[in-house]
Amino acid sequence: MDKMNLIRQRHSVRQYLDKRIEPEKITQIKEKIAEINAKSGLNIQLIESPENVFGGFINKLIGWSRVPCGIAICGKTAPDLEEKCGYFGEELVLFLQEIGLNTCWVGTFNEKNVKPKLDDGEKVVITIALGYGANGGSPHKSKTIEKVTNVSGDMPDWFKNGVEAALLAPTAINQQKFVISLSDNGIAEINTSGKGPYINVDLGIVKYHFDVGIGKIK
């Protein structure tokens, strides 16, 4: 499926059916993770467990139900690690949407149950819940294009397409703290604006969406 259609269809889901993911889909997920790890240098891992890997008091407060699987987004500590986790994690999220699964980015998780194998210098940055959702989720409220752009003069169509895709990116507590600029020589730049939880992970997700919107990623 076209990635822009996947972006439009995919919404965060917090309630999941008590249904295991089929072995053939587990195989597909592991193959996709291996592909992404090879090109990104990350150490993304699938967590298969009947346990509720997103259990605990905090998650109960925000309405989590039992989640059949989780994904740990891990990598070696570096200045760009969080952004890289967001960028390549969102590639995985859209793949999961394509094969019929629902997801949610999760910053709060049960560390006792999330135990990926880490090499020296690696850490878990963030996790993704996945399974068959009780529903497909719903669109988030979004800022206007004008609120997240810095452009002098007319906005070219390719740039506008990228911004529209970026505004559909999931961000922590829907903060959308990013600004997309366009220089006089036609180069787009995306940066964070302000502070917030997981803001650099969000930046990576936004950049992936922007790349899809301008046709860089098919």
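**Exercise 1. Decide whether strand β4 is mostly covered or mostly open, then find its partners.**

Solution.
Step 1. In this predicted model, β4 spans residues 122-131. Eight of its ten residues are buried, so the strand is mostly covered, with buried meaning under 20% relative accessible area.
Step 2. Look at strand β2, residues 69-76. Eight bridges join β2 to β4, and the two run antiparallel. K76 has E122 of β4 as its bridge partner.
Step 3. Turn to strand β3, residues 102-106. Five bridges link β3 to β4, again in an antiparallel pairing. Here V106 stands opposite T127 of β4.

**Exercise 2. Work out how helices α2 and α4 are oriented to each other, and which residues make the contact.**

Solution.
Step 1. Take α2 as residues 23-40 and α4 as residues 81-98. Their axes come within 11 Å and cross at roughly 155 degrees.
Step 2. Angles over 145 degrees count as roughly antiparallel. The two helices are therefore roughly antiparallel.
Step 3. The crossing of α2 past α4 is right-handed.
Step 4. From α2, the contact uses Q28, I29, K32, I33, E35, I36, K39 and S40. From α4 come K84, F88, E91, L92, F95 and L96.
Step 5. Sort them by class: seven are nonpolar, two polar and five charged.

**Exercise 3. Place G186 and classify its exposure.**

Solution.
Step 1. G186 sits in the loop between β6 (178-182) and β7 (188-192).
Step 2. Its relative accessibility is 37%, so G186 counts as partly exposed.
Step 3. P156 is 30 residues away from G186 along the chain, yet their C-alpha atoms are separated by 9.1 Å.

How values were computed
Residues are numbered from 1 along each chain as its sequence is written. This is a predicted model: local features need pLDDT of at least 70, side-chain atom pairs count only at pLDDT 80 or more; totals for chains, interfaces and linings use all residues. Side-chain values use heavy atoms; hydrogens and water are left out. Axes are lines fitted to C-alpha atoms, for helices over the stretch in contact, and angles run from 0 to 180 degrees between N-to-C directions. Helices (H or I, at least four residues) and strands (E, at least two) are DSSP runs, numbered from the N terminus. Angles under 35 degrees count as roughly parallel, over 145 as roughly antiparallel, 65 to 115 as roughly perpendicular and the rest as oblique. A crossing is left-handed if the near helix is turned anticlockwise from the far one by less than a right angle, and right-handed if clockwise. Contact means heavy atoms within 4.5 Å. Ala, Val, Leu, Ile, Met, Phe, Trp, Tyr, Cys and Pro count as nonpolar, Asp, Glu, Lys and Arg as charged, and the others, Gly among them, as polar. Buried means under 20% relative accessible area, exposed over 50%, partly exposed in between (1.4 Å probe, protein chains only). Two strands pair if DSSP finds at least two bridges between them.
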